Amino acid sequence: MSATRALRQLTAVSSRVVAKPASRSLPLRMSMTAWRYPRLSCATTRAFSLSSARFSEGSTDVLLSQKLAEELKYEKEAADESEPEFLKTFKQQGIWKIEDIEGNDEVTLTRKFGNESIRVMFSIADIQNAEEPEFGQEEESDSEETENVRSYPIRVSFSITKEHAQGSINVDTMCQDGAFILGSELTAEADWKRRGLYIGPQFETLDVSVQEEFEKFLQERGINEHLALFIPDYSELKEQKEYVRWLENVKKFVDA
């Protein structure tokens, strides 16, 4: 989430007391996610069918709609509609192609390198699941720490395939602080869909010289600090857009 929204939520939590509901059939995030993606279990559908004939007949609908409208108005006013400079620069370089489907939380970057096809995949779910600092700790933090709000780890997967060659190299890693932490498995296999195969070693268990050469191998293919800086920025940008879209969808559902 954006730094502004994170600070707003932190302030709101510290300055109010929320009454605990008597019961809740689903966790709040799960329930609201169901509104965002039209998927409801049979049990949930039956529960709604036993309530009012129309959801909009609820006594809290109007207030919820108003709060959603306020949040939506704030987010749209705070948002900069122009394309961020970091994204313009990334596109102008013409190295990676961005595959970003509206409504999905996964983003894929693709490129060609000689006879190789390279895919870089990451998800904005890591931003949504990032732990927020405790209120007491936030009060003690200074402006420098506030600037590091985006210093959260993002899981990134690389896949490198070659034309007319069997198998691929797959790397699961973490992206944080402008660097890729190659601590996960390196996989070279004939068919990644097959199970029961030896998937490869932990990167850190390789000989140091092998680690160094493999890092050079990735850097030559554009998997470097520039990409490691781009991924968190783009993740935050997409998460903010999806959040606004989610607010719009929920409000439409409540108002229907």
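This passage walks through the confidence, the overall make-up, the last two helices and the salt bridges of a predicted model.

To start with confidence, the mean pLDDT of the protein comes out at 76, with 63% of its residues at 70 or more. Two stretches drop under 50 throughout. One is residues 14–53, for which the model has 21 contacts beyond four places in sequence. The other is residues 143–149, with three contacts beyond four places in sequence. Where pLDDT is low, the predicted coordinates should not be read in detail. The contacts in these two stretches are therefore best taken loosely.

As for overall make-up, the protein has ten helices and seven strands. Of its 256 residues, 30% count as buried. Among contacts with a separation of 6 or more, 60% are between residues 24 or more positions apart.

Helix α9 takes in residues 208–220. Its 13 residues should span 18 Å at 1.5 Å a residue, and the end C-alpha atoms do turn out to be 18 Å apart, so the two values agree. Three of the residues in α9, namely Q211, F214 and L218, are buried. Looking down the axis of α9, the buried residues sit within an arc of 65°, so they line one face of the helix. The spacing fits the usual helix geometry: an α-helix has 3.6 residues a turn, so residues three or four places apart point the same way. Just after α9 comes G222, with a positive phi of about 85°.

Next along is helix α10, with 31 residues running from 225 to 255. From first C-alpha to last, α10 reaches 46 Å, close to the 45 Å expected at 1.5 Å a residue. The N-terminal end of α10 is capped by N224, which has a side-chain oxygen 3.2 Å from the backbone nitrogen of H226.

Helix α10 also turns up in the salt bridges, of which the structure holds 14. In one of them, the side chains of D100 and K238 come together at 2.6 Å, N to O. This pair links distant parts of the chain, since D100 belongs to strand β1 (residues 97–100) and K238 to helix α10, 138 residues apart. The two partners sit in contrasting settings: D100 is partly exposed, at a relative accessible area of 31%, whereas K238, at 3%, counts as buried because the cut-off for buried is under 20%.

A second bridge on α10 joins R245 to E102, at 3.3 Å, N to O. R245 lies in helix α10 and E102 in the loop between β1 and β2 (106–113), so this pair ties together parts that are 143 residues apart in sequence. Here R245 counts as partly exposed at 22% relative accessibility, while E102 is exposed at 60%. Both bridges belong to a bigger picture: D100, E102, K238, E242 and R245 are linked in a network of salt bridges.

Elsewhere, the side chains of K112 and E163 meet in a salt bridge of 3.1 Å, N to O. That pair, too, links distant parts of the chain, with K112 in strand β2 and E163 in the loop between β4 (154–162) and β5 (168–176), 51 residues apart. Both ends are partly exposed, K112 at 46% relative accessibility and E163 at 41%.

Notes: Residues are numbered from 1 along each chain as its sequence is written. This is a predicted model: local features need pLDDT of at least 70, side-chain atom pairs count only at pLDDT 80 or more; totals for chains, interfaces and linings use all residues. Side-chain values use heavy atoms; hydrogens and water are left out. Helices (H or I, at least four residues) and strands (E, at least two) are DSSP runs, numbered from the N terminus. The expected span of a helix is 1.5 Å times one less than its number of residues. Buried means under 20% relative accessible area, exposed over 50%, partly exposed in between (1.4 Å probe, protein chains only). The arc is that of the directions from the helix axis to the C-beta atoms. A polar contact is a pair of N or O atoms within 3.5 Å; within protein, one must be able to donate a hydrogen and the other to accept it, and residues adjacent in sequence count only if both atoms are side-chain atoms. pLDDT is the predictor's confidence in each residue, from 0 to 100. Contact means heavy atoms within 4.5 Å. A salt bridge is a side-chain nitrogen of Lys or Arg within 4 Å of a carboxyl oxygen of Asp or Glu.
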